[in-house]
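I opened the notebook to go through side-chain contacts, rings and charges. The entries follow in the order I looked things up.

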Amino acid sequence: MDLRAELLKSIWYAFTALDVEKSGKVSKSQLKVLSHNLYTVLCIPHDPVALEEHFRDDDDGPVSSQGYMPYLNKYILDKVEEGAFVKENFDELCWTLTAKKNYKPDRNGNSLVSHQDAFKLWCLFNFLSEDKYPLVMVPDEVEYLLKKICTAMNVELNSCELDDYLSQEPQGQGGLTVWQFLDMVNSGRFLRGIEQEAVSMAVEEVYQEVIEDVLKQARSPHGYLWKKGQLRRNWSERWFTLKPSVLSYYMSEERKEKKGSIALDKHCCVEVLPDRDGKRCMFCVKTSSRTYEMSASDTRQRQEWTLAIQTAIRLQAEGKKSLHKDLKQKRREQREQREQRKAAKEEETQRLKQLQEEKERKLQELELLKEAQRQAEILLQEEEQRRRQQHEEMQRTLEIQLREAEQARASMQAEMVLKEAEAERQRKRILELEDMQERLQEALQQEVKARQDEESVRYAQARLLAEEEEKLKQLMKLKEEQEEYIIKTQREKQVLKQEMENKNKCLEEAQKQLEEVRVNRQRVDQDVMAAQRKLRQASTNVKHWNVQMNRLMHPIGPGDKRTNVSGGGFTGYQALLSQRDSSLKLKQKVDDKGSNPTRDNSKENVSNGGNSGVPLSPDADTMATEPTN
C-alpha cells in the first residue's frame with residue numbers, strides 16, 4: 001500500500017465526517033478549511049490562489065467527493081513527500097474530525113479503551129482495511145489484529161467466540177466498519193478481566209510494531225541492552241528500538257533523548273559473541289564502517305534480538321520498507337487464493353452438478369427414445385403383420401375366385417359340349433320329324449315342352465356366360481392398367497428420345513450456322529481482297545493522272561507550239577482543273593483508307609453488296625488511256 005492510498009483512507013473519513021446530511025457532498029467553506037489544515041499537517045506550501053480559484057463563491061452548491069478529488073490530487077497529494085511530515089499528526093487531524101461525529105464511547109466512563117487508544121486502533125484499522133470504499137476490515141484481519149493485541153498481553157483469544165460474534169454482527173461489504181470494531185473492543189467481550197492500562201500498553205505495542213514499523217524493542221525495564229562504546233570502550237545501558245532500516249538507542253524507555261542509531265543495509269550482519277569482560281549473552285552488529293558490541297540480559301533476549309535484526313537485514317536485502325505491509329499483502333494474496341480455490345471448487349461442483357443433471361436428462365431422453373423406438377417397432381411389426389394378413393387374405397380370395405371361375409368355365413364348356421351334342425341330336429331329330437311330320441302330330445305338345453326346357457337351359461347358360469364375361473372384364477381391366485403403365489413408360493422414353501433428337505438438331509443447326517459464318521467470312525475476305533485490288537488500280541490511275549497533270553501544267557517556253565483544244569481554251573483549262581481536283585480528292589481518300597483497308601472495305605462491301613466503294617469519275621478509265629495533246 002503506497003503513501004497516497006494511506007493518506008486517502010484518512011482523508012475519506014474526514015470528508016464523510018463533514019458530510020452532515022449524508023448526501024455525498026460537502027460545503028465549499030468546510031472543504032477550504034479541510035484543505036488548509038491538510039496543507040499545514042502535510043508540510044506543503046500553501047497555494048491560496050489555487051484554493052480560491054477552485055472554490056469560487058460564484059459556483060453554486062456543495063462539492064462531491066468526485067469533484068474534490070481533482071483538486072486533492074493535483075494540489076495536495078502530488079506534492080506530498082514521504083518523510084517530510086509527521087504521519088501521526090496527519091492521522092490525528094482526520095481522527096479528530098471523524099471521531100467527533102462517529103465515535104461514541106460509554107458516557108459513564110466504562111469504556112475499555114481510552115480516546116488515545118481508540119485513535120491508535122483507528123490507525124491500525126485503516127492499515128489493515130481493504131482498499132475499497134466504504135472501508136471495511138475482513139474477519140481474517142479482525143482476528144489477526146485481536147490476536148496481536150492478546151499476544152502482547154500474554155492472553156489467548158477465543159476464536160470460537162469471535163466467529164460467533166462475527167456471524168451475528170451485520171457486515172456490510174464483507175467486513176466490519178471501524179466503528180463496529182471499536183464498539184466490539186469497548187464491549188470487553190474478548191478482553192474480560194483485563195485492566196485498561198494493560199490494554200493500552202498492548203495497543204501501543206501493536207501500534208508501534210504495525211504503524212511505526214518497530215520490529216523489536218524492550219518490553220520492561222529489565223529489557224535494556226548494554227552497549228560498548230567506541231572511544232571510551234565502556235559499557236552503557238541503553239533502550240533499543242529496531243526498525244527495518246535503523247537500530248536506534250536511547251537513554252531511557254521514554255525515548256526522549258536519543259543517543260545514536262545504527263543504519264542497517266543488506267551488507268550488515270549479526271553474530272553471537274562469547275562471554276567476556278564480565279558480560280554475558282553478547283552479540284554484535286557488523287556494518288561496513290563499524291562493529292557494535294551489545295549484551296542482553298539473558299539468552300532468550302539475545303536470540304530475539306539477533307532474529308529481529310536478521311529480519312531487518314533481510315527486508316533491506318529484498319528492498320522492502322515495512323514488514324507488516326509485506327505480511328498484509330501476503331495474507332491478502334492468501335485470501336484471494338483461498339477465495340479463488342473456493343470459487344473454483346464451487347464452480348467445479350456446480351459444473352459437476354450440471355453434468356450430472358445433463359447426464360440424467362440425457363439418460364431419461366435415451367430411455368424415452370428407446371421406449372419410443374420399441375413402440376415404433378411394435379407398431380411397425382403390427383402394421384407389417386396386418387398388411388401381410390391382408391395380402392394373404394386377398395391372395396386367398398383371388399385364388400378362390402380364380403378356381404371358381406375356372407370351375408365355372410369348365411362346367412360351361414362341358415355344358416356347351418353337351419348342348420352341342422344335344423343340338424346335333426335335335427337337328428337329326430328335326431330331320432326325322434320332318435320326315436315323320438305327319439306321323440308325329442300327336443307328339444307336338446311334347447316337342448313344345450322340350451323346347452321350353454331348352455329355353456330355360458339357354459337362359460341359365462346365358463347367365464353363366466354373363467358372369468364369365470364380368471370376370472373377363474376384370475382381367476381385361478387389369479391388363480389395360482398394365483398396358484397403360486407400359487404405354488406411359490414408352491411415352492416417357494419417347495419424350496426423352498424426342499428431347500435428345502431436338503438437342504441433336506440444335507447441335508446440327510449450330511454447326512450449320514458455324515459453317516455459314518465461315519462461308520460468309522471467306523466471302524467477306526474475298527470482297528476485301530477485291531476492294532484492295534480496286535484500290536491498287538485506283539492508286540495507279542491517280543499516279544497516271546498526276547503525270548498527265550504535270551504535263552498539262554508544264555509552262556510553254558518561247559518557240560513551243562501551242563496546242564489547240566476543241567471547245568475553247570478556257571473551257572478546256574477548267575475541265576483539266578476539275579479533273580485534277582477530283583484526282584487529288586481520290587488520292588486523299590485512298591490514303592486515309594490505306595491505314596485500315598480491311599475494316600473500311602468490309603464496311604463498304606456490306607453496305608454496297610460487296611462492290612468497291614471507290615468513287616471514280618465515269619471517264620476515268622477512258623481519260624487514263626487517252627493520249628496527251
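Are F240 and Y249 buried or exposed? I looked up both: F240 is buried, and Y249 is buried too. I note here that I am working on a predicted model.

**Entry: aromatic pairs**

I counted the ring pairs next. The structure holds 16 aromatic pairs. I took Y71 and Y75 as one of them: the ring centres are 5.1 Å apart and the planes stand at 35°, so I logged the pair as tilted. The cut-offs make that plain, because stacked needs planes under 30 degrees apart and edge-to-face needs over 60. Both residues belong to helix α4, residues 65-75. They are four residues apart there, about one turn of the helix. I also found Y71 and Y75 both buried.

I then went back to F240 and Y249. Their ring centres lie 5.4 Å apart with the planes at 40°, so this pair is tilted as well.

I also traced an aromatic cluster. W12, Y13, W95, Y103, F119, W122, Y133 and W179 make it up.

**Entry: charges over rings**

I checked for charged ends above rings. K279 places its charged end over the ring of W226, 3.8 Å from the ring centre. R331 does so over the ring of Y144, at 3.7 Å from the centre. R331 turned up again in a salt-bridge network, where K9, E130, D131, E141, R332 and R335 are the other members.

**Entry: salt bridges**

How many salt bridges does the structure hold? I read off 33. I went through three of them.

I started with D91 and K87. Their closest N and O atoms are 3.0 Å apart. Both residues sit in helix α5, residues 87-102, four residues apart, about one turn of the helix. I compared the burial of the two partners. D91 has a relative accessible area of 3%, so I marked D91 as buried. K87 is at 25%, so K87 went down as partly exposed.

Next I took K228 and E293, whose side chains meet in a salt bridge at 3.9 Å, N to O. This pair links distant parts of the chain, with the two positions 65 residues apart in the numbering. K228 is in strand β4 (residues 225-228) and E293 in strand β10 (residues 291-295). I found both K228 and E293 buried.

Last came R388 and E384, with closest N and O atoms 3.7 Å apart. Both lie in helix α12, four residues apart, about one turn of the helix. R388 is partly exposed at 43% relative accessibility. E384 is partly exposed at 31%.

**Entry: a nonpolar patch**

I looked for nonpolar side chains on the surface. L363, L366 and L369 form a patch there, with about 280 Å² of accessible area together. I placed L369 in helix α12, residues 323-435. L369 has a relative accessible area of 58%, so I recorded L369 as exposed.

**Entry: E6 and G24**

What does the side chain of E6 contact? I found a polar contact with the side chain of K325, at 3.1 Å. E6 is in helix α1, residues 3-18. At 13% relative accessibility, E6 counts as buried.

I closed with G24, in the loop between α1 and β1. G24 is partly exposed, at 32% relative accessibility. I paired G24 with S64: 40 residues apart in sequence, and 5.7 Å apart in space, C-alpha to C-alpha.

Note on methods
Residues numbered from 1 in each chain as written. Predicted model: local features only at pLDDT ≥ 70, side-chain atom pairs only at ≥ 80, totals over all residues. Heavy atoms only, no water. Buried < 20%, exposed > 50% of the residue type's maximum accessible area, 1.4 Å probe, protein only. Polar contact = N/O pair within 3.5 Å; in protein donor to acceptor, adjacent residues only side chain to side chain. Patch = residues over 30% accessible without salt bridge, like charges linked within 9 Å, V, L, I, M, F, W, Y side chains within 5 Å. Areas by Shrake-Rupley, 256 points an atom, 1.4 Å probe, with all protein chains shown as cover. Salt bridge = Lys/Arg side-chain N within 4 Å of Asp/Glu carboxyl O. Phe/Tyr/Trp six-rings, centres within 6.5 Å; stacked < 30°, edge-to-face > 60°. Lys NZ or Arg CZ within 6 Å of the ring centre and 35° of its normal.
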